[in-house]
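This report introduces one protein structure to a reader who has not met it before. Please keep the sequence and the three-dimensional view at hand while reading.

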Amino acid sequence: MANTMQFDLVSPERSLASLQVSAVQIPGADGDMTAMPDHAPTITTLRPGVLKAEGPEGTTEYLVTGGFAQINGDGLSVLAEKAIPVDEVTRAHLDELIAEARGAHEAAAEHPSLVDDAAKLLADMEALGDHMSL
C-alpha cells in the first residue's frame with residue numbers, strides 16, 4: 001500500500017502494535033509531530049503523552065511515558081518505557097504513574113541538576129491525566 005507505512009510499538013513488557021498506518025502522532029520531547037509515509041529519517045525521544053496511530057483499520061491510541069521513535073520513509077518503530085492502550089488505562093494506572101513521577105521529583109531535590117527534569121516529568125504525567133479526563 002503506497003499510502004501506508006509499517007508501525008511497530010514495543011515496551012519492555014510486550015509488543016503492542018505491528019500494523020500498517022497512514023499517520024502516527026507522536027508526543028516528541030521537543031514537541032508533537034506526525035509521521036507519515038515518505039517521512040524524512042528521524043530519531044526522537046518521547047515525553048509522556050498519547051501516541052495516536054491512524055490506518056485503514058481505524059485509529060488506535062496508546063499512553064506512553066517516554067522512550068524513542070525511529071522514523072524512516074517506509075516505517076516507524078517506537079520503543080516505549082511504558083505503553084498502555086488508552087482503552088485499558090484506568091485511574092489506578094495513572095495514579096501509579098503520577099506517584100512514580102512524584103517520587104522522582106522528590107528524590108531529585110537531593111541533586112539540583114535533576115530537579116527541572118523531574119518537575120517536567122511530574123507536570124507531563126498530571127497533564128496526561130487531565131487530557132484523558134481520568
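In helix H1, a salt bridge joins the side chains of Arg91 and Asp95, with a nitrogen-to-oxygen distance of 2.9 Å. The two residues are separated by about one helical turn, because they stand four residues apart in this helix. Arg91 is partly exposed, at 35% relative accessibility, and Asp95 is also partly exposed, with a relative accessible area of 39%. The model described here is a predicted one.

**Salt bridges**

The search of the whole structure finds six salt bridges. Three of them, including the pair just described, are set out below.

| Salt bridge | N to O distance | Relative accessible area |
|---|---|---|
| Asp32 and Arg47 | 2.3 Å | Asp32 60%, Arg47 23% |
| Lys82 and Glu100 | 2.8 Å | Lys82 28%, Glu100 41% |
| Arg91 and Asp95 | 2.9 Å | Arg91 35%, Asp95 39% |

The side chains of Asp32 and Arg47 meet at 2.3 Å, N to O. Asp32 belongs to strand S4 (residues 31-35), while Arg47 sits in the loop between strand S5 (42-46) and strand S6 (49-55), so this salt bridge ties together parts that lie 15 residues apart in sequence. Asp32 is exposed, with a relative accessible area of 60%, whereas Arg47 is partly exposed at 23%.

Lys82 and Glu100 form a salt bridge of 2.8 Å, again N to O. This pair links distant parts of the chain, 18 residues apart: Lys82 is in the loop between strand S9 (75-80) and strand S10 (83-85), and Glu100 is in helix H1 (residues 91-108). Lys82 counts as partly exposed at 28% relative accessibility, and Glu100 is partly exposed with a relative accessible area of 41%.

**The largest pocket**

Which residues lie closest to the centre of the largest pocket? The volume of this pocket is about 290 Å³. Its lining consists of 18 residues, and those closest to the centre are Asp32, Arg47, Gly49, Val50 and His131. Asp32 and Arg47 thus appear here as well as in a salt bridge with each other.

Strand S3 (23-28), S4, S6 and helix H2 (112-131) are the elements that give two or more residues to the lining. Helix H2 gives the most, with four residues. By residue class, the lining divides into nine nonpolar, four polar and five charged residues.

**Nonpolar cores**

In soluble globular proteins, nonpolar side chains tend to be buried together. In this model, the largest nonpolar core has 20 residues. Phe7, Leu9, Val24, Ile26, Leu76 and Val78 are the residues with the most contacts inside this core. At least two core residues come from each of strand S1 (5-10), strand S2 (15-21), S3, S6, strand S7 (58-64), strand S8 (67-72) and S9.

A second, separate core has 13 residues, among them Ile84, Val86, Val89 and Leu97.

Leu9, from the largest core, shows how such a residue is surrounded. Apart from neighbours within four places in sequence, Leu9 is in contact with Ser15, Leu16, Ala17, Tyr62, Val78, Ala80 and Ala83. Val78, one of these partners, is itself listed with the most contacts inside the core.

**Individual residues in strands and loops**

Is Thr44 of strand S5 buried or exposed? Thr44 is buried, because its relative accessible area of 13% is under the 20% limit. With neighbours within four places in sequence left aside, Thr44 is in contact with Gly28, Ala29, Met33, Gly67, Phe68 and Ala69.

Leu79 lies in strand S9 and counts as partly exposed, at 47% relative accessibility. Not counting residues up to four places away in sequence, Leu79 touches Val10, Gly66, Gly67 and Phe68. The C-alpha atoms of Leu79 and Gly66 are separated by 8.6 Å, and these two residues are 13 residues apart along the chain. Gly67 and Phe68 are contacts of Leu79 and of Thr44.

Asp38 is found in the loop between S4 and S5. Although Asp38 is not a glycine, it has a positive phi of about 70°. Asp38 is exposed, with a relative accessible area of 68%.

Note on methods. Residues numbered from 1 in each chain as written. Predicted model: local features only at pLDDT ≥ 70, side-chain atom pairs only at ≥ 80, totals over all residues. Heavy atoms only, no water. Salt bridge = Lys/Arg side-chain N within 4 Å of Asp/Glu carboxyl O. Buried < 20%, exposed > 50% of the residue type's maximum accessible area, 1.4 Å probe, protein only. 1 Å grid on protein atoms, 1.4 Å probe; cavity = no way out; pocket = protein on both sides within 12 Å on 5 of 7 lines; lining within 4 Å. Points joined across faces, edges and corners; volume = space filled by probe spheres on them. Nonpolar A, V, L, I, M, F, W, Y, C, P; charged D, E, K, R; others polar. Contact = heavy atoms within 4.5 Å. Core = buried A, V, L, I, M, F, W, Y, C linked by side-chain atoms within 4.5 Å.
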